[in-house]
Amino acid sequence: MDIDEQTSVQDAIVRHDGTASFRGFPVEHREVKVAGRSLVIASMRDATHLLDEPDFAKRFLEADMAPYGVELWPAAIMLAEYITKSDPEPHRALEIGCGLGLVSIVVDRLGWSVMAGDHEPTARTFARHNAQQNNAEHIEFIELDWNHPPGNVRFSRILGADILYQLSNHAPILKCLDRLLECDGVALIADPNRGVADCFAESAASAGFQAATYSAAAYGPSSRLVEGRIFRVYRPEST
């Protein structure tokens, strides 16, 4: 787990004459409401543009991933709403796959001590920018690969939004929870009812956890209501 470095000039989000861009590609700033409070969240207008950049394309190809982290996903809003209404008391938390940083910004506003982790530096650039825009001053941004979690720190809450989109992610995510979650801690993972995540509760049980599931919903960037679920994952002895 490495503390993130400051964004380079080349990889900064630039605002000029009322527009914003990242490496020359359009960036949108949207108003997002969570529990009645407004945030302004920057995201790529079309994240696939990054694949036109040779260094980005090489990095994504080597990691066998697409630039999902710089888009706004409804599951992040679902999770932020759930926490605000059902688990608002402050915790020491880690968000894995933080993407644009929306969830970390919301819990920072609730007074939590939060680290926002993502393996992809572009996502961390956007997350840091969004934190600054929303006066979330206490978030610690870190490089975090859930395939290789550190073993020297634990958290009472681990958060993740729309991170179960590939079946191959489930085992390393559960390993990450086992390594980083306090004995009586809870992981909260939001998922927009992806079929690939239907087996996650069973996989969690096989890894020594229990997973309760709660219905959730949020409006996405297109103003379409997206239904989903929150997995509340914990060790049986913590109940």
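## Exercises on helix 2 and strand 6

In this predicted model, the residues P74, A75, A76, I77, M78, L79, A80, E81, Y82 and I83 of helix 2 are buried.

**Exercise 1.** Describe how helix 2 is covered, and find which elements its buried residues pack against.

*Solution.* Begin with the extent of the helix, which covers residues 74–86 and has 13 residues. From its first C-alpha to its last, helix 2 reaches 18 Å, close to the 18 Å expected at 1.5 Å a residue. Next, take the burial, where the cut-off is under 20% relative accessible area: 10 of the 13 residues are buried, and helix 2 is thus described as mostly covered. Finally, look at the contacts of these buried residues, which pack against helix 3 and against strand 4 (25–34), strand 9, strand 10 (181–191), strand 11 (210–219) and strand 12 (225–234).

**Exercise 2.** Work out which strands pair with strand 6, and in what direction they run.

*Solution.* Take strand 7 (residues 113–118) to begin with: five bridges join it to strand 6, and the two run parallel. Within this pairing, I96 stands opposite G117 of strand 7. Then turn to strand 9 (residues 155–161), which is joined to strand 6 by three bridges and also runs parallel to it; here L94 has I158 as its bridge partner.

**Exercise 3.** Explain why strand 6 is largely enclosed, and name the unit it makes with helix 3 and strand 7.

*Solution.* Strand 6 spans residues 92–96, and because four of its five residues are buried, the strand is largely enclosed by the rest of the structure. Together with helix 3 (residues 102–109) and strand 7, strand 6 makes a right-handed β-α-β unit.

Terms used. Residues are numbered from 1 along each chain as its sequence is written. This is a predicted model: local features need pLDDT of at least 70, side-chain atom pairs count only at pLDDT 80 or more; totals for chains, interfaces and linings use all residues. Side-chain values use heavy atoms; hydrogens and water are left out. Buried means under 20% relative accessible area, exposed over 50%, partly exposed in between (1.4 Å probe, protein chains only). Two strands pair if DSSP finds at least two bridges between them. A crossover is right-handed if, with the strands pointing away from the viewer, the path from the first strand over the helix to the second runs clockwise. The expected span of a helix is 1.5 Å times one less than its number of residues. Contact means heavy atoms within 4.5 Å.
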